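Here is a short set of exercises to work through with the model open beside you. Try each task on your own before you read its solution.

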Amino acid sequence: MDFLLKTLSDKKEREGRVDTFFKNEISVRVDSSDQINIDLEIGCGHGHWLNAYSQNNRGSFCIGIDLISKRIRKAQTKKDRYQNNNLFFLKADAIDFISYKPNNILFNNIFIFFPDPWPKRKHHRRRLIQFSFLNLLKLHTNRNSKIFFRTDHQDYFNWTKSHIELSKDWKLNEFEWPLEHGSYFQELLPDYSSLSAIRA
Ligand SMILES: C[S@@+](CC[C@H](N)C(=O)[O-])C[C@H]1O[C@@H](n2cnc3c(N)ncnc32)[C@H](O)[C@@H]1O
């Protein structure tokens with residue numbers, strides 16, 4: 001197949017998966033097409049933290065996304081075991097998921113815990129936190145939306161802090177941590193730093 005056609009069909013396929021997810025999981029649970037606020041964990045891994053958070057926040061829709069199918073399956077198994085009916089998982093890339101979601105969905109709290117640090121300088125452009133990403137998040141959030149970020153990697157922590165300080169889209173704040181509960185990586189890496197930010 002022609003490279004351009006393949007790229008376009010891949011994009012259409014990924015867009016379709018996100019669209020189907022929202023139709024099947026979220027739209028059927030609400031009465032109207034009004035604005036819906038969602039709490040999103042990006043890179044949710046095995047879903048330990050988000051399962052606990054969703055139990056404490058039964059009135060909120062919570063979504064966890066991750067690139068790795070096996071992690072999403074494990075997260076889903078926990079959700080089913082604990083009957084966390086306000087919680088949903090999807091295998092998806094963060095930028096795709098945010099870009100392709102329906103317009104009436106806005107992210108309320110965004111959780112990013114122990115993201116891949118890409119320690120080598122030549123790989124820093126692969127880090128999730130970039131000015132373009134902070135701007136994308138702003139476009140899909142509401143006025144009170146918050147970001148909660150935690151990492152064991154001091155250089156990535158400093159990078160994220162300075163990107164937020166320099167960003168026109170978010171400002172640092174010291175919000176109470178929404179829930180202290182381990183994640184798979186937090187258990188492995190108990191020495192970490194955290195920050196939170198609100199939309200500017
Ligand atoms: C180091 S793990 C941390 C997992 C979990 N947050 C924890 O604390 O246990 C980082 C996770 O982010 C996921 N990830 C990396 N880039 C991503 C992206 N662009 N979109 C969604 N998930 C991503 C990886 O697949 C991986 O599971």
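**Exercise 1. Take stock of the chain.** In what order do helices and strands run from the N terminus on, and how many helices and strands are there?

*Solution.* Step one is to read along the chain: the elements follow each other as α-β-α-β-α-β-α-β-α-β-α-β-α-β. Step two is to count, which gives 7 helices and 7 strands. Do keep in mind that this is a predicted model.

**Exercise 2. Check the overall dimensions.** What radius of gyration does the chain have, and what would a compact globule have?

*Solution.* Begin with the extent: the C-alpha trace spans about 45 × 40 × 35 Å along its principal axes. A compact globule with 200 residues would have a radius of gyration near 16 Å, and the 17 Å of the chain agrees with that. Next, look at burial, where 29% of the 200 residues count as buried. Finally, turn to contacts between residues at least 6 apart in sequence: 79% of them join residues at least 24 apart.

**Exercise 3. Lay out the sheet.** In which order do the strands of the open sheet lie, and which stand at the edges?

*Solution.* The sheet is formed by 7 strands with mixed pairing, in the order E3-E2-E1-E4-E5-E7-E6. E3 and strand E6 (170–173) are the edge strands; each has a single partner strand, so one side of each is left without a neighbour in the sheet. On average, neighbouring strands are turned by 25° against each other, direction ignored. Now zoom in on one pair: E1 and E2 run parallel and are joined by 5 bridges. Here Leu 40 stands opposite Ile 63 in E2.

**Exercise 4. Pack helices on the sheet.** Which strands does H2 touch, and which does H3 touch?

*Solution.* H2 touches E1, E2, E3 and E4, and its direction makes about 175° with that of E2. H3 also packs on the sheet, touching E2 and E3, with about 165° between its direction and that of E3. Then look at burial in helix H2 (residues 48–56), where His 48, Trp 49, Leu 50, Asn 51, Tyr 53 and Ser 54 are buried. Their cover includes strand E1 (36–42), E2, helix H3 (69–82), strand E3 (87–91), strand E4 (105–113) and H7.

**Exercise 5. Map the ligand shell.** Which of the 20 residues around the ligand come nearest?

*Solution.* The nearest are Gly 43, Gly 45, Ser 183, Tyr 184 and Phe 185. Two elements, strand E2 (61–66) and helix H7 (184–188), give two or more residues to the shell. The largest share, 3 residues, comes from H7. Sorted by character, the shell holds 12 nonpolar, 4 polar and 4 charged residues.

**Exercise 6. Examine two backbone angles.** Is Gln 83 buried or exposed, and where is Trp 118 found?

*Solution.* A reminder first: most residues other than glycine have a negative phi. Gln 83, in the loop between H3 and E3, has a positive phi near 50°. Gln 83 counts as exposed because it has 8 C-beta neighbours inside 10 Å, and the cut-off for exposed is 12 or fewer. Trp 118 is found in the loop between E4 and helix H5 (131–139), and its phi is also positive, about 40°. With 17 other C-beta atoms within 10 Å, Trp 118 is partly exposed.

Methods. Residues are numbered from 1 along each chain as its sequence is written. This is a predicted model: local features need pLDDT of at least 70, side-chain atom pairs count only at pLDDT 80 or more; totals for chains, interfaces and linings use all residues. A residue is near a molecule or strand if its C-beta atom, placed from the backbone, lies within 6 Å of it. Helices (H or I, at least four residues) and strands (E, at least two) are DSSP runs, numbered from the N terminus. Ala, Val, Leu, Ile, Met, Phe, Trp, Tyr, Cys and Pro count as nonpolar, Asp, Glu, Lys and Arg as charged, and the others, Gly among them, as polar. A residue is buried if 20 or more other C-beta atoms lie within 10 Å of its own, exposed if 12 or fewer, and partly exposed in between; C-beta atoms are placed from the backbone. Two residues are in contact if their C-beta atoms, placed from the backbone, lie within 7 Å. Two strands pair if DSSP finds at least two bridges between them. Axes are lines fitted to C-alpha atoms, for helices over the stretch in contact, and angles run from 0 to 180 degrees between N-to-C directions. The radius of gyration is taken over C-alpha atoms; the globule rule is 2.2 Å times the number of residues to the power 0.38.
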